Amino acid sequence: MVAQEILMEIDATLDRLIQNAEAIADVDINELTVTELEAFQKTQESLVQHLLHTDQRLVAHRNGLSMHDTRSATFKIWEKRAKFERLSSAYQKTLTETI
């Protein structure tokens, strides 16, 4: 059951990363202060670090998952990671140009 909880935590973390990336994409970067941009970046970096740590925990507990759980959860998480990577690439380019 621990592995299932870890998968839910990974899923929730990806949701937060995507939400933040979508929010920054919806605002005019020039209207944000440097402090706000730095806070956004630090939040994203913290969430990414949490995601990496949670991934490591999942590897240690993976044998607690059924094959069906693993496939469906892995696919869902892969889709969210791909979406986050696209959004992240876009906002990183914008932030780099702005700062």
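This passage walks through the helices, the nonpolar core, the salt bridges and the aromatic pairs of a predicted model.

A good place to begin is helix α1, which covers residues 2-25. At 1.5 Å a residue, the 24 residues of α1 should span 34 Å, and the end C-alpha atoms of this helix lie 35 Å apart, which agrees with that expectation. Which residues of α1 are buried? They are A3, I6, L7, I10, D11, T13, L14, L17, I18, A21 and I24. Many of these names come back below, so the list is worth keeping at hand while looking at the structure.

Several of them reappear in the largest nonpolar core of the model, which has 20 residues. The residues with the most contacts inside this core are I10, L14, L17, I24, L58, Y91 and L95. Helices α1, α2 and α3 (67-98) each supply at least two residues of the core. Which helix gives the most to it? That is α1, with nine residues. L17 offers a close look at how such a residue is surrounded: leaving aside its neighbours within four places in sequence, L17 is in contact with Q44, L47, V48, L51 and F84.

Attention now turns to T54, which has its place in helix α2 (residues 34-61). Is T54 buried or exposed? With 0% relative accessibility, T54 counts as buried, because the limit for that label is under 20%. Once its neighbours within four places in sequence are set aside, T54 is in contact with I6, E9 and I10. Of these, I6 and I10 are listed among the buried residues of α1, and I10 is also one of the core residues with the most contacts. T54 can be compared with T13 too: the two are 41 residues apart in sequence, while their C-alpha atoms are 9.3 Å apart in space.

Charged side chains make up the next part of the picture. Side chains of opposite charge can pair when their charged atoms come close. How many salt bridges does a search of the whole structure find? The search finds six. One of them joins K80 and D11, with the closest N and O atoms 2.6 Å apart. K80 lies in helix α3 and D11 in helix α1, so this pair ties together parts that are 69 residues apart in sequence. Both K80 and D11 are buried.

A second salt bridge is formed where the side chains of E22 and K83 meet, at 3.1 Å from N to O. This pair also links distant parts of the chain, with E22 in helix α1 and K83 in helix α3, 61 residues apart. Here the setting is partly exposed: E22 has a relative accessible area of 31%, and K83 has one of 34%.

Another salt bridge connects D55 with R81, whose closest N and O atoms are 2.3 Å apart. D55 belongs to helix α2 and R81 to helix α3, and the pair links these distant parts of the chain across 26 residues. R81 is partly exposed, with a relative accessible area of 28%. Salt bridges can also share partners, and in this way D11, D15, K76 and K80 are joined into one network.

The last feature concerns ring-bearing side chains, for which a search of the whole structure finds two aromatic pairs. F40 and Y91 form an edge-to-face pair, with 4.9 Å from centre to centre and 75 degrees between the planes. F40 lies in helix α2 and Y91 in helix α3, so the pair ties together parts that are 51 residues apart in sequence. Both F40 and Y91 are buried, and Y91 has already been met among the core residues with the most contacts.

The other pair, F75 and W78, is stacked, at 6.4 Å from centre to centre and with 25 degrees between the planes. Both residues lie in helix α3, three residues apart, about one turn of the helix. An α-helix has 3.6 residues a turn, so residues three or four places apart point the same way. W78 is exposed, with a relative accessible area of 57%.

Notes:
Residues are numbered from 1 along each chain as its sequence is written. This is a predicted model: local features need pLDDT of at least 70, side-chain atom pairs count only at pLDDT 80 or more; totals for chains, interfaces and linings use all residues. Side-chain values use heavy atoms; hydrogens and water are left out. Helices (H or I, at least four residues) and strands (E, at least two) are DSSP runs, numbered from the N terminus. Buried means under 20% relative accessible area, exposed over 50%, partly exposed in between (1.4 Å probe, protein chains only). Contact means heavy atoms within 4.5 Å. A nonpolar core is a set of buried Ala, Val, Leu, Ile, Met, Phe, Trp, Tyr and Cys residues joined through side-chain atoms within 4.5 Å. The expected span of a helix is 1.5 Å times one less than its number of residues. A salt bridge is a side-chain nitrogen of Lys or Arg within 4 Å of a carboxyl oxygen of Asp or Glu. Rings of Phe, Tyr and Trp (its six-membered ring) pair if their centres lie within 6.5 Å; planes under 30 degrees apart count as stacked, over 60 as edge-to-face and the rest as tilted.
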